[in-house]
Amino acid sequence: LLNKPVLAVSFHEKVDALMSSVGMSNFCQDLEAISFAKVKDLFTELDEAAPAIRKSLACISEAFRRELEIQYEQIVSAISSPAQAMSCAEPLPPAS
């Protein structure tokens, strides 16, 4: 994330989910129901709220980075010691 407020035109649930995950679902418009007037109003609102949105996005980005770092550490740990990573798995049944 670059901490830039955006207006999304959504064509798929993943766009809606992403905008929601960063607290910007109000600025997500469905492609099938979009109107020029609504986009114009949202851009005005986005511009007015930009400083606060940038601060919020910076905090959210940092939280996402921390979560990603934890995931990387878990992956590297599992790769570094595959025996430990496999210790929870039950043995496979013999092939028939």
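This tour moves through a predicted model, from the overall fold to single residues.

**The whole chain**

Begin with the complete protein in a cartoon view. It contains 3 helices and 2 strands, and along the sequence these elements follow the pattern β-α-β-α-α. Of the 96 residues, 20% are buried. In a surface view, the protein exposes about 7700 Å², with carbon and sulfur atoms supplying 60% of that area. Among the contacts with a separation of 6 or more, 45% join residues 24 or more positions apart.

**The nonpolar core**

Next, select Leu7, Met19, Met24, Phe27, Leu46 and Ile53. These residues have the most contacts inside the largest nonpolar core, which has 14 residues. H1 and H2 are the elements that give two or more residues to this core. The greatest contribution comes from H2, with 6 residues.

**Met19 and its surroundings**

Now centre the view on Met19, in helix H1. Is Met19 buried or exposed? Met19 counts as buried because its relative accessibility is 5%, below the 20% limit for that class. To see what surrounds Met19, add Val6, Ala8, Met24, Ser25, Phe27 and Cys28 to the selection; these are its contacts once neighbours within four places in sequence are left aside. A distance label between the C-alpha atoms of Met19 and Val6 should read 9.0 Å, for two residues that are 13 apart in sequence.

**The cysteines**

Keep Cys28 selected and add Cys59. Cys28 counts as buried, at 14% relative accessibility, whereas Cys59 is exposed, with a relative accessible area of 57%. A disulfide is a covalent bond between the sulfur atoms of two cysteines. How many disulfides does the structure hold? The number is 0.

**Along helix H2**

Select residues 36–80, which form helix H2. Phe43 lies in this helix and is partly exposed, with a relative accessible area of 47%. From Phe43, draw a distance to Pro5: the two C-alpha atoms are separated by 9.8 Å, although the residues are 38 apart along the chain.

Further along helix H2, select Glu62 and Arg66 and show their side chains. Which kind of interaction do they make? The two side chains meet in a salt bridge, at 3.9 Å from N to O. Both residues belong to helix H2 and stand 4 residues apart, about one turn of the helix. Glu62 counts as partly exposed at 37% relative accessibility, and Arg66 also counts as partly exposed, at 47%. The count of salt bridges in the model comes to 1.

**A nonpolar patch on the surface**

For the last stop, return to the surface view and select Val9, Phe11, Leu31 and Ile34. Together they make a nonpolar surface patch of about 370 Å². Where in the chain does Phe11 lie? Phe11 is in the loop between strand S1 (8–10) and helix H1 (13–21). Phe11 counts as exposed because its relative accessibility is 59%, over the 50% limit. For a closing comparison, show Phe11 beside Met19: Phe11 is exposed, while Met19 is buried.

Conventions:
Residues are numbered from 1 along each chain as its sequence is written. This is a predicted model: local features need pLDDT of at least 70, side-chain atom pairs count only at pLDDT 80 or more; totals for chains, interfaces and linings use all residues. Side-chain values use heavy atoms; hydrogens and water are left out. Patches are made of residues with over 30% relative accessible area and no salt bridge: like charges are joined within 9 Å, nonpolar side chains (Val, Leu, Ile, Met, Phe, Trp, Tyr) within 5 Å. Accessible areas come from the Shrake-Rupley method with a 1.4 Å probe; for residues, only the protein chains shown count as cover. A salt bridge is a side-chain nitrogen of Lys or Arg within 4 Å of a carboxyl oxygen of Asp or Glu. Buried means under 20% relative accessible area, exposed over 50%, partly exposed in between (1.4 Å probe, protein chains only). A nonpolar core is a set of buried Ala, Val, Leu, Ile, Met, Phe, Trp, Tyr and Cys residues joined through side-chain atoms within 4.5 Å. Contact means heavy atoms within 4.5 Å. A disulfide is a pair of cysteine sulfur atoms within 2.5 Å.
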